[in-house]
Amino acid sequence: MSFEEDLARLDAIARALENDRLPLDEAMKLFEEGVARLRAATAALEAAEGRVGQLVKQADGTFTVRDLQR
Amino acid sequence: MSPRVAEPGESAETAISVSVLAESVKSIVEGSVPPVWIRGEVTGFKKYRSGHWYFALRDGNAQISCMVWASDTARIPAAPDEGMQVTAYGRLGVYAARTEIRFSILRLAASGDGLWRKAFEEARAKLDADGLLDPARKRPLPRYPRTIAVITSTEGAALHDIVSVARRRDPTICVVVIPAAVQGETAPKELVRALRRASHWDGADLVIIGRGGGSREDLWAFNDERVARAVAMCRTPTISAVGHEVDVSLTDLVADLRAATPSAAAETAVPERAKVVHDLERMGSRLRGALSLRAERARSDLARASRDLAVRARRAVELRRSWLAASAATIDALSPLRTLERGYVVARDADGRTLSRVRDFVVGEEFGIVAHDGSVRARTVDVKPEAT
């Protein structure tokens, strides 16, 4: 899941938790998922290294990113 | 003195062929007039199957045949309209088969950017007819992109601007360039190919397509209908950033967002790292806050439920107790002891059977009398049935 998707899911979880009608056991489950996602997103953000690359199409039709010397 | 040899064409004997004359006309005309700009009014425009354009330019006094080779029409934004005032750059040529003088046009422009505007409006109308300009098509941009694809020239300033703005805002952002010529004849094709690649790759959160400022002609690839359609088809959200403030390009109209310059595009696309970190922290406290509120509510629900339960239980016990009391009173009222208390006695035989009729008594036999405060042994002396 991408960073963007993690954040979107977190927003959805927070909204669900803020909804009064959610049963407590489901709220607990969602909270646990939220904490896990928050950890993953934070870790991804901390581990990220800036990169400038060029998209290269390979012989098999897939794509790869080659670093650009700047 | 040797006899003088006649020059070709000087006499009937040395007559030259039509072809030779035509060729010499051609070489004189084409060799003596350098390429020029001319101006006039378009008349008799025809587009041939071959792709060449034929028409004439005229003014009040004269007219000259003109043509545009199919390969040169690609550089002209749109075909001119009948009666349009144009300027044309080209060279004089001679069509040898008829020895017709023709002005062969390389560049054509209408006054007031007429041809550009015409080409733009035509393409715009087609995009509009296909619904590609509908504001409802515009997708929201990702709020936290991590990888940004940039479709531009690797040589231009646009790439440098985008990379430096993006990295200043977040040094951990990834910028992936998909190179394409942004001007010249190959630009539309290369831009379309780069857009398709970005879409197939699907590895970027966002695509910025653009270039720095330039002349109307330099920017023209971004008004190409094919390029605009490729922008519209891109699976990844797009920002169009063609470096000009005044005019809108077709890619601006179909992209999810238009930015005035490549730098502005990067500015809009990339959130500052500090803000992302802050947003993550806020999300954490939001989750904890929501859960503790939810738990608090659960606790109070539980407390209320247990109070309710105690009240109901007490009510239930009281209700049963009052039923019991009512039943006890009824039973009590029916008890034979009550009857005895009122002064009645019961006669019973040795087995405890109640002797309620005279025939139950046997003269001379013992029986018992039960009163409310004890019993008496008795004997039947005489039996007198009531006469009926």
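Here are some exercises on a two-chain model, each with a worked solution.

This is a predicted model, where local features need pLDDT of at least 70, side-chain atom pairs count only at pLDDT 80 or more, and totals for chains, interfaces and linings use all residues. Residues are numbered from 1 along each chain as its sequence is written, while chains are lettered from A and ligands numbered from 1 in the order in which they are written.

**Exercise 1. Work out which elements chain A holds and in what order they run.**

Start with the inventory: chain A has two helices and two strands. Helices (H or I, at least four residues) and strands (E, at least two) are DSSP runs, numbered from the N terminus. Now read along from the N terminus, and you get α-α-β-β. Next, check burial: of the 70 residues in chain A, 21% are buried. A residue is buried if 20 or more other C-beta atoms lie within 10 Å of its own, with C-beta atoms placed from the backbone.

**Exercise 2. Find out what each chain brings to the contact between A and B.**

Count the residues: 33 come from chain B and 32 from chain A. Two residues are in contact if their C-beta atoms, placed from the backbone, lie within 7 Å. On the chain B side, α4, β7 (174–179), α5 (187–201) and α9 each supply at least two residues. The largest share of that side is the 12 residues from α9(B). Sort the chain B side by class and you have 22 nonpolar, three polar and eight charged residues. Here Ala, Val, Leu, Ile, Met, Phe, Trp, Tyr, Cys and Pro count as nonpolar, Asp, Glu, Lys and Arg as charged, and the others, Gly among them, as polar.

**Exercise 3. Describe how α1(A) packs on α9(B).**

Take the geometry: helix α1 (residues 3–18) of chain A and helix α9 (residues 273–334) of chain B have axes 8 Å apart, at an angle of about 25°. That makes the pair roughly parallel. Axes are lines fitted to C-alpha atoms, for helices over the stretch in contact, and angles run from 0 to 180 degrees between N-to-C directions; angles under 35 degrees count as roughly parallel. Then list who meets whom: A:L10, A:I13, A:A14, A:L17 and A:E18 touch B:M283, B:R286, B:L287, B:A290, B:L291 and B:R294. By class, this contact of α1(A) with α9(B) has eight nonpolar, no polar and three charged residues.

**Exercise 4. Trace the strand pairing across the two chains and within chain B.**

Begin between the chains: strand β1 (residues 51–57) of chain A pairs with β7(B) in the parallel sense over four bridges. Two strands pair if DSSP finds at least two bridges between them. One partnership here is A:R51 with B:C174.

Now stay in chain B. Strand β2 (residues 53–58) and strand β3 (residues 63–68) run antiparallel and are joined by six bridges, with B:A56 opposite B:S65. These two strands form a hairpin with four residues between them. On to the next neighbour: β3(B) pairs with strand β5 (residues 100–110) of chain B in the parallel sense over three bridges, where B:M67 has B:S104 as its bridge partner.

**Exercise 5. Classify the packing of α4(B) and α8(B).**

The axes of α4 (residues 157–169) and α8 (residues 262–269), both of chain B, come within 8 Å and cross at roughly 30°. That makes α4(B) roughly parallel to α8(B). To finish, pick out the residues: α4(B) uses B:A158, B:D161, B:I162, B:V165 and B:A166, and α8(B) uses B:P262, B:S263, B:A265, B:A266 and B:E267. They divide into seven nonpolar, one polar and two charged.

Definitions and conventions. Angles under 35 degrees count as roughly parallel, over 145 as roughly antiparallel, 65 to 115 as roughly perpendicular and the rest as oblique. A residue is buried if 20 or more other C-beta atoms lie within 10 Å of its own, exposed if 12 or fewer, and partly exposed in between; C-beta atoms are placed from the backbone.
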